[in-house]
Amino acid sequence: MQNFHVADEIEYFKWAALPMLFGAVSGAFEGIGTVIPVEASMVGNRHMYPYFLHLTICILALILSSLGISGYLRYGHATQQIIIANLIEENDSIFLTIIYTLICISVMLTYPLQLFPVIEVIENALFLPGKIFGPKTLVVESVNGEGGIQEASETDSLIKDKSKVGLAVAVPKSVSAWKRNLIRLLLICAEVGIAILFKDQYAYFGSIFGTIGASVLGYFLPPLIHIKLKRHQVWWGITALNVFLLTVFGVIGGSTSLGLGIKTIVDRMINNQ
């Protein structure tokens, strides 16, 4: 902060970048998917949850906006997609290098957690009974005395009466482990290749993923679910607000940000930026 000064080339309003800002801000609140699980875990203080939620959102918005604004005011058009890169260029201290290293370690440690649902979806699409590489028998999890897993064919009496037992389709044990590991290896190699290829487009990829994920979870599904369940029980103005959020933020904002993000990445790669 001792050498902080406002850069000469500052644009206080840049409407062309508004769709990218929309995607980036939406991606910053990707934790919206944890709202219901966290509320469900607050057995004794559930009535306080709205206050905790609003306070957390306000603090997060304050931290992210203050860092973003101060970084742009300091470096102007020279602001890097990751602000730490500017700090290292200006003052290559061991402290900043340690911070950069810790960020990399954090990404590495959280990567398996983020990859797990993707692998699960792909394996279910490939290895479940009746799928491309799946067997002809069906594997089900039944609520029996031992809580075990039973394998049964499609003619088994267990499957005929699904109302009497809880069923959950799982990847059969007959599927070789090397096949599943090969799929995981190919997926990781593909992601590494994409990361290397688009390493200079970090912010734009973040905006795209924020648009695809957070916009659907935050702007599209909640109003749609509320309209479906409560449209006959609430004031018509609430329904109109849900339609506004769904249309403006979910559909228009999401599609505009997604299209502009893809166009920006293509243009930057063509111009070797």
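Here are some short exercises on the structure above, each with a worked solution.

**Ground rules.** This is a predicted model, where local features need pLDDT of at least 70 and side-chain atom pairs count only at pLDDT 80 or more, while totals for chains, interfaces and linings use all residues. Residues are numbered from 1 along each chain as its sequence is written, and side-chain values use heavy atoms, with hydrogens and water left out.

**Exercise 1. Work out the order of helices and strands along the sequence.**

Solution. Start with the tally: 9 helices and 2 strands. Both are DSSP runs numbered from the N terminus (helices are H or I, at least four residues; strands are E, at least two). Now read along the sequence and you get α-α-α-α-α-β-β-α-α-α-α.

**Exercise 2. Find how helix 5 and helix 7 are oriented to each other.**

Solution. Take helix 5 as residues 94–127 and helix 7 as residues 177–197. Their axes come within 10 Å and cross at roughly 125 degrees. Axes here are lines fitted to C-alpha atoms, for helices over the stretch in contact, with angles from 0 to 180 degrees between N-to-C directions. Next, look up the classes: under 35 degrees is roughly parallel, over 145 roughly antiparallel, 65 to 115 roughly perpendicular, and the rest oblique. So helix 5 is oblique to helix 7. For the residues that meet, helix 5 supplies, among them, Tyr-111, Leu-115 and Phe-127, and helix 7 supplies residues including Lys-179, Ile-183 and Glu-191. Contact means heavy atoms within 4.5 Å.

**Exercise 3. Do the same for helix 1 and helix 9.**

Solution. These axes come within 8 Å and cross at roughly 110 degrees. Helix 1 and helix 9 are therefore roughly perpendicular to each other. On the helix 1 side you'll find Pro-19, Met-20, Phe-22 and Gly-23, which meet helix 9 residues including Phe-249, Gly-253 and Leu-260.

**Exercise 4. Pick apart the aromatic pair of Phe-22 and Tyr-219.**

Solution. The structure holds 6 aromatic pairs. Rings of Phe, Tyr and Trp (its six-membered ring) pair if their centres lie within 6.5 Å; planes under 30 degrees apart are stacked, over 60 edge-to-face, and the rest tilted. Phe-22 and Tyr-219 come out tilted, at 5.5 Å centre to centre and 35 degrees between the planes. Phe-22 sits in helix 1 (residues 18–28) and Tyr-219 in helix 8 (residues 202–230), so the pair ties together parts that are 197 residues apart in sequence. For burial, use relative accessible area: buried is under 20%, exposed over 50%, partly exposed in between (1.4 Å probe, protein chains only). Phe-22, at 16%, is buried, while Tyr-219, at 23%, is partly exposed. Finally, Phe-22 and Tyr-219 form one aromatic cluster with Phe-244 and Phe-249.

**Exercise 5. Describe the surroundings of Asn-242.**

Solution. Asn-242 lies in helix 9, residues 236–270. Its 10% relative accessibility makes Asn-242 buried. Leave out residues up to four places away in sequence, and Asn-242 touches Pro-223, His-226 and Ile-227.

**Exercise 6. Which residues form the largest nonpolar core?**

Solution. A nonpolar core is a set of buried Ala, Val, Leu, Ile, Met, Phe, Trp, Tyr and Cys residues joined through side-chain atoms within 4.5 Å. The largest one has 5 residues: Leu-126, Phe-127, Leu-128, Val-171 and Val-175. Zoom in on Val-171: not counting residues up to four places away in sequence, its contacts are Glu-123, Asn-124, Phe-127, Leu-128 and Arg-180. For the wider picture, 23% of the 273 residues of the protein count as buried.
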